[in-house]
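Biologist: Before I rely on words such as buried, core or pocket, I would like to hear what stands behind each of them. Could we go through them one at a time?

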Amino acid sequence: MRIIRVRYRDRSFYATITSPETLRCLNNEENLPDDIPLAEVELLPLVRPSKIVCVGLNYRDHAHELGLPMSDEPVLFLKPPSSVIGPGDAIVIPACSERVDYEAELALVIGRTARHVSEADAPRHLFGYSCANDVTARDLQQKDGQWTRAKSFDTFCPVGPWIETEVPDERALAIRAVVNGQLRQQGSTADMIFSPARLISFISGVMTLLPGDVILTGTPGGIGPLAEGDEVSVEIDQVGFLLNPVISEGPADPSAVQ
Ligand code: MG
């Protein structure tokens, strides 16, 4: 089942896609037609997470291209909920960075509170899968030494276009990043060092995962820069296709600083 979040007639709700042109509301909303035309809704950011937990260096070829050693445990960092945008929303390059990269990643959406869950139990706590772009200010990541600023700008976490609840084999998904129609990243979740179940189990041993929380599972090799005017898509077979334009932040408004 594919689940999206939409605004329709001034109401926001989750809905399931019932045909290429229609969707059906999943919330208890009154006075809505059974079949709502997709063309009449506004797509909203898919999730409103309490946190986005990200995994660095979960593919060997990406660790290699950054010249960083691999860890025997997942390396975690966070992105703030305010960084989330939806399909079609613009990624904004901040004025203080000269190198902003795409990172195509498989996103896991938590459906059930998870704390100290085993790897075997982890799938019970997973709601579904989506595409995500772990947008990164690479120059600031290297300058700061830790990653919070580089990963946390508004618009730096596109997620979507829907939550896919049924994936036959999460360890055999082709994943790509395409910029302006050119293939830039191509990998497979088969090459992940730590599996989705291992990540949910490991992270739940650190912090309570709440419904709606998102885990970004790392990016394969092939990262590269974005520029104003680009269109970047994250494509994962059997999961979805997430497209976002790229714009630059205007010059700082001096009147805003008092
Ligand atoms: Mg990443």
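Modeller: What follows is a set of questions and answers about a predicted model, each setting a value against its cut-off.

Biologist: Why is G212 called buried, and where in the chain is the residue placed?

Modeller: G212 is placed in the loop that runs between α4 (196-204) and β17 (214-216). Its relative accessibility is 18%, and because buried means under 20%, G212 counts as buried. Leaving out residues up to four places away in sequence, G212 touches V47, P49, V109 and I110. The C-alpha atoms of G212 and F202 are 18 Å apart, with the two residues 10 apart along the chain.

Biologist: What makes H125 count as buried or exposed, given that H125 is found in a loop?

Modeller: The loop in question lies between β11 (104-110) and β12 (126-133). With a relative accessibility of 7%, set against a limit of under 20%, H125 counts as buried. The residues that H125 touches, not counting those up to four places away in sequence, are I110, G111, R112, T113, A114 and V117.

Biologist: And how do you know whether H116 is buried or exposed?

Modeller: H116 also has its place in the loop between β11 and β12. Because exposed means over 50% and the relative accessibility of H116 is 57%, H116 counts as exposed.

Biologist: What makes the phi of H116 and that of D10 worth pointing out?

Modeller: Most residues other than glycine have a negative phi. Phi of H116 is near 55 degrees, a positive value in a residue other than glycine, and phi of D10 is near 65 degrees, again a positive value in a non-glycine residue. D10 lies in the loop between β1 (2-8) and β2 (11-19), and at 76% relative accessibility, against a limit of over 50%, D10 counts as exposed.

Biologist: Which peptide bond is called cis, and what is its omega?

Modeller: The bond that joins G160 and P161 is cis, with omega about 5 degrees. P161 lies in strand β14 (residues 157-164). As background, most peptide bonds are trans.

Biologist: What makes E103, E105 and D134 donors of the magnesium ion?

Modeller: The OE atoms of E103 and E105 and the OD atom of D134 lie 2.0 to 2.1 Å from the ion; because a donor is an N, O or S atom within 2.8 Å of this metal, these oxygens qualify. Water is not among the atoms, so the site may look incomplete. Along the sequence the spacing of the donor residues is E-x1-E-x28-D, and both E103 and E105 are buried.

Biologist: What makes a set of residues a nonpolar core here, and which members touch the most others?

Modeller: The members must be buried nonpolar residues joined through side-chain atoms within 4.5 Å. The largest such core has 46 residues, of which L106, I200, I203, L209, I215, I236 and V239 touch the most other members. Its largest share, 5 residues, comes from α4. A second, separate core of 15 residues includes L46, V84, V109 and V159. I200, apart from its neighbours within four places in sequence, is in contact with L108, I110, V117, A122, L126, L209 and I215.

Biologist: Why is α4 described as mostly covered?

Modeller: Of the 9 residues of α4, 8 are buried, among them L199, I200, F202 and I203. Elements that cover these buried residues include β6, β7 (75-79), β11, β12 and β17.

Biologist: How do you know that one space is a pocket and another a cavity, and which residues line them?

Modeller: A cavity is a set of points where a 1.4 Å probe fits but cannot get out, whereas a pocket is an open set. The largest pocket holds about 170 Å³ of space, and its lining includes V47, V109, I110 and G212. By class, that lining divides into 9 nonpolar, 2 polar and 1 charged. The search for cavities of 30 Å³ or more finds 1 in the whole structure, and the largest cavity holds about 80 Å³. Of the 15 residues lining this cavity, G56, H62, E103, W147 and K151 are the closest to its centre, and the lining has 5 nonpolar, 5 polar and 5 charged residues.

Key: Residues numbered from 1 in each chain as written. Predicted model: local features only at pLDDT ≥ 70, side-chain atom pairs only at ≥ 80, totals over all residues. Heavy atoms only, no water. Helix = DSSP H or I, 4+ residues; strand = E, 2+ residues; numbered from the N terminus. Buried < 20%, exposed > 50% of the residue type's maximum accessible area, 1.4 Å probe, protein only. Contact = heavy atoms within 4.5 Å. Donors = N, O, S within 2.8 Å, 3.2 Å for Na, K, Ca; no water. 1 Å grid on protein atoms, 1.4 Å probe; cavity = no way out; pocket = protein on both sides within 12 Å on 5 of 7 lines; lining within 4 Å. Points joined across faces, edges and corners; volume = space filled by probe spheres on them. Nonpolar A, V, L, I, M, F, W, Y, C, P; charged D, E, K, R; others polar.
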